[in-house]
Amino acid sequence: MAPLRISFLIRSVYDLLPSNANLVHWGKKADPTCLLCHGRQTTEHVLSSCKVALSQGRYTWRHNRVLQELASVISTAKGQSNLPSPSLTIFTTESGAKKRAAGRLR
Ligand SMILES: [Zn+2]
């Protein structure tokens with residue numbers, strides 16, 4: 001993993017990213033307000049709980065970009081490998097029932 005990504009991950013886990021709330025706490029800013037929703041902008045707020053970001057589809061976009069990146073890496077790895085790809089995946093539902101999915105997640 002790239003050093004900057006590791007740094008971001010560690011700083012997000014320990015709430016050391018420069019959110020407005022942290023900037024106020026560190027004496028770098030006077031206002032902890034989120035520019036989108038006017039709530040208190042903490043790291044958690046930015047990453048997962050801003051209602052305006054949610055309504056604008058920002059979290060969905062980020063989620064989909066991560067999945068696209070994973071699909072790209074997997075596709076590249078499969079292209080470089082001689083391993084056969086599985087033709088059938090069996091998923092277990094919350095009730096314990098088994099469902100088959102071929103080709104893509106359902
Ligand atoms: Zn917000």
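A disulfide, as the term is used here, is a pair of cysteine sulfur atoms within 2.5 Å. By that criterion, the structure I am presenting today holds zero disulfides. Please keep in mind throughout that this is a predicted model.

Let me begin with the overall organisation. The protein chain has 106 residues, and 13% of them count as buried. Its secondary structure consists of five helices and two strands. Read from the N terminus, the order of these elements is α-α-α-α-α-β-β. The accessible surface of the chain comes to about 8,900 Å², and carbon and sulfur atoms account for 59% of that surface. As for contacts between residues at least 6 apart in sequence, 8% of them join residues at least 24 apart.

I turn now to the metal site. Which protein atoms are the donors of the zinc ion? They are SG of Cys34, SG of Cys37, NE2 of His45 and SG of Cys50, at 2.0 to 2.3 Å from the ion. Along the chain, these donors follow the spacing C-x2-C-x7-H-x4-C. The angles among the four donor atoms run from 97 to 118°, and the site is tetrahedral.

How do these donors stand with respect to the surface? Cys50 has a relative accessible area of 3% and is therefore buried, since the cut-off for that class is under 20%. His45 is likewise buried, because its relative accessibility is 9%. Cys37, with a relative accessible area of 26%, is partly exposed.

Next, the loop between helix 2 and helix 3. One of its residues is His38. Is His38 buried or exposed? With a relative accessible area of 62%, His38 is exposed. The backbone of His38 also deserves attention: its phi is near 70°, a positive value in a residue other than glycine.

Gln41 is placed in the loop between helix 2, residues 20–25, and helix 3. Gln41 counts as buried, because its relative accessibility is 15%. Which residues does Gln41 contact, once its neighbours within four places in sequence are left aside? They are Ser19, Asn20, Ala21, Pro32, Thr33, Cys34 and Val46. Among these contacts of Gln41 is Cys34, which is one of the zinc donors.

That brings me to helix 3, which covers residues 43–49 and includes Thr43. Thr43 is buried, with a relative accessible area of 5%. Setting aside residues up to four places away in sequence, Thr43 touches Ser12, Asp15, Leu17, Ser19 and Asn22. With one of these, Asp15, there is a polar contact between the two side chains, at 2.6 Å.

Finally, consider the partner in that polar contact. Asp15 lies in the loop between helix 1, residues 3–13, and helix 2. Its relative accessibility is 36%, so Asp15 counts as partly exposed. The phi angle of Asp15 is near 55°, again a positive value in a residue other than glycine. The side-chain contact thus pairs a residue of helix 3, Thr43, with a residue of the loop between helix 1 and helix 2, Asp15.

To summarise the central point: the model places a zinc ion in a tetrahedral site, with Cys34, Cys37, His45 and Cys50 as its protein donors.

Conventions
Residues are numbered from 1 along each chain as its sequence is written. This is a predicted model: local features need pLDDT of at least 70, side-chain atom pairs count only at pLDDT 80 or more; totals for chains, interfaces and linings use all residues. Side-chain values use heavy atoms; hydrogens and water are left out. Helices (H or I, at least four residues) and strands (E, at least two) are DSSP runs, numbered from the N terminus. Buried means under 20% relative accessible area, exposed over 50%, partly exposed in between (1.4 Å probe, protein chains only). A polar contact is a pair of N or O atoms within 3.5 Å; within protein, one must be able to donate a hydrogen and the other to accept it, and residues adjacent in sequence count only if both atoms are side-chain atoms. Contact means heavy atoms within 4.5 Å. Donors are N, O and S atoms within 2.8 Å of the metal (3.2 Å for Na, K and Ca); water is not among the atoms, so sites may look incomplete. Four donors count as tetrahedral if all angles lie between 85 and 135 degrees; four count as square planar and six as octahedral if opposite donors are over 155 degrees apart and all others between 65 and 115; anything else is irregular. Accessible areas come from the Shrake-Rupley method with a 1.4 Å probe; for residues, only the protein chains shown count as cover.
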